[in-house]
Amino acid sequence: MADDGRIRVLIVDDHAVVRSGLRTFFGLLDDIEVVGEAADGSEAVAAARRLTPDVILMDLMMPNMDGITAIGTIKRERPETEIVAVTSFIEEEKVTAALEAGATGYLLKDAEADDVAKAVRAAYGGEITLDPAVARLLAQRLRDRKSSPPVEPLTEREKDVLRLVGQGMSNKEIATALVITELTARTYVSNILGKLGLASRTQAALYAVERRLT
């Protein structure tokens with residue numbers, strides 16, 4: 001976060017008009033500051049290293065390096081940076097790949113400007129934001145899985161962790177709530193994903209909501 005308390009945002013999109021529009025919109029807000037722009041994944045990785053943004057709005061379809069590859073690279077180097085994937089259409093494979101790579105949210109480009117700002121704020125707070133259509137897609141996948149029980153049942157502690165994941169808590173918040181270390185919380189989440197056959201934390205949160213664990 002900037003010294004003045006604003007959320008530092010990097011805009012990544014290969015269309016200059018999109019970047020310009022978002023920059024103009026964010027310039028009207030008191031709590032968000034655009035610290036830079038990038039036109040492809042390679043530029044995004046370099047800009048993330050140089051500018052250390054709090055949140056990145058990442059287009060997925062770009063030349064040189066696509067957004068999914070860039071998300072994975074940035075999250076490995078700067079896990080504290082939150083990334084919201086932005087794309088023009090829903091494709092299940094890309095949705096899953098973006099979330100697996102580490103995206104905190106997934107928005108369509110036709111989202112209202114206010115919704116984009118909400119997604120940035122939510123991502124900064126460690127919360128998951130999904131376009132309603134994306135949420136429905138993932139929820140349907142979970143419903144399709146309902147008839148298949150976990151390969152291995154969850155322990156009571158893992159159920160506690162899953163419940164908190166479903167409430168949108170970060171690993172740090174889960175650690176505080178359960179009086180465990182952040183590393184232990186991360187391990188529990190990883191074990192839960194493996195047992196349930198889920199690809200990402202977002203899918204785990206949807207699973208918890210779907211099963212009314214929250």
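These notes walk through a predicted model, from its sheet to its helices and one serine.

1. **The sheet.** Start with the strands. Six of them form an open sheet in the order 2-1-3-4-5-6, and the pairing is parallel. The edges are strand 2 (32-38) and strand 6 (129-130), each of which pairs on one side only. As background, strands of a sheet pair through backbone hydrogen bonds, either parallel or antiparallel.

2. **Strands 1 and 2.** Six bridges hold strand 1 and strand 2 together in the parallel sense. To find the place, look at I7: its bridge partner in strand 2 is I32. Between these strands the chain passes through a helix. Strand 1, helix 1 (residues 16-26) and strand 2 make a β-α-β unit, and the unit is right-handed. Strand 2 is an edge strand. Even so, five of its seven residues are buried, so strand 2 is largely enclosed by the rest of the structure.

3. **Strand 3.** Is this strand mostly covered or mostly open? It is mostly covered, with five of its five residues buried. V55, L57 and D59 point one way from strand 3, while I56 and M58 point the other way. The background is simple: in a regular strand the side chains alternate between the two faces of the sheet. Note that D59 is among the buried residues of strand 3.

4. **Partners of strand 3.** Strand 3 pairs with strand 1 in the parallel sense over four bridges. V9 has V55 of strand 3 as its bridge partner. Strand 3 is also joined to strand 4 by five bridges, again running parallel. Here L57 stands opposite V84 of strand 4. From strand 3 the chain reaches strand 4 through helix 3 (residues 67-77), in a right-handed β-α-β crossover.

5. **Strands 4 and 5.** Strand 4 (residues 82-87) and strand 5 (residues 105-108) run parallel and are joined by four bridges. T87 and L108 of strand 5 stand opposite each other.

6. **Helix 5 on the sheet.** Which strands does helix 5 lie across? Helix 5 (residues 113-124) lies across strand 1 (7-12), strand 2, strand 3 (55-59), strand 4, strand 5 and strand 6. Its direction is about 130° to strand 3.

7. **Helix 1 against helix 5.** Two packed helices are described by the angle between their axes and the distance between the axes. For helix 1 and helix 5 the angle is about 75° and the axes are 11 Å apart. The two helices are therefore roughly perpendicular to each other. Helix 1 brings L22, F25 and F26 to the contact, and helix 5 brings A113, D114, V116, A117 and V120.

8. **The aromatic pair.** The structure holds one aromatic pair. The ring centres of F25 and F26 are 5.6 Å apart and the planes stand at 50°, so the pair is tilted. Tilted covers what is neither stacked, under 30 degrees, nor edge-to-face, over 60. F25 counts as buried because its relative accessibility is 16%. F26 counts as buried too, at 1%. Both rings belong to residues in the contact with helix 5.

9. **S42.** This residue sits in helix 2 (residues 41-51). Its relative accessible area is 35%, so S42 is partly exposed. Leaving aside neighbours within four places in sequence, S42 is in contact with N64 and M65. S42 and V116 are 74 residues apart in sequence, and their C-alpha atoms are 23 Å apart in space. V116 is one of the helix 5 residues that contact helix 1.

Terms used. Residues are numbered from 1 along each chain as its sequence is written. This is a predicted model: local features need pLDDT of at least 70, side-chain atom pairs count only at pLDDT 80 or more; totals for chains, interfaces and linings use all residues. Side-chain values use heavy atoms; hydrogens and water are left out. Two strands pair if DSSP finds at least two bridges between them. Contact means heavy atoms within 4.5 Å. Axes are lines fitted to C-alpha atoms, for helices over the stretch in contact, and angles run from 0 to 180 degrees between N-to-C directions. Buried means under 20% relative accessible area, exposed over 50%, partly exposed in between (1.4 Å probe, protein chains only). A crossover is right-handed if, with the strands pointing away from the viewer, the path from the first strand over the helix to the second runs clockwise. Rings of Phe, Tyr and Trp (its six-membered ring) pair if their centres lie within 6.5 Å; planes under 30 degrees apart count as stacked, over 60 as edge-to-face and the rest as tilted. Angles under 35 degrees count as roughly parallel, over 145 as roughly antiparallel, 65 to 115 as roughly perpendicular and the rest as oblique.
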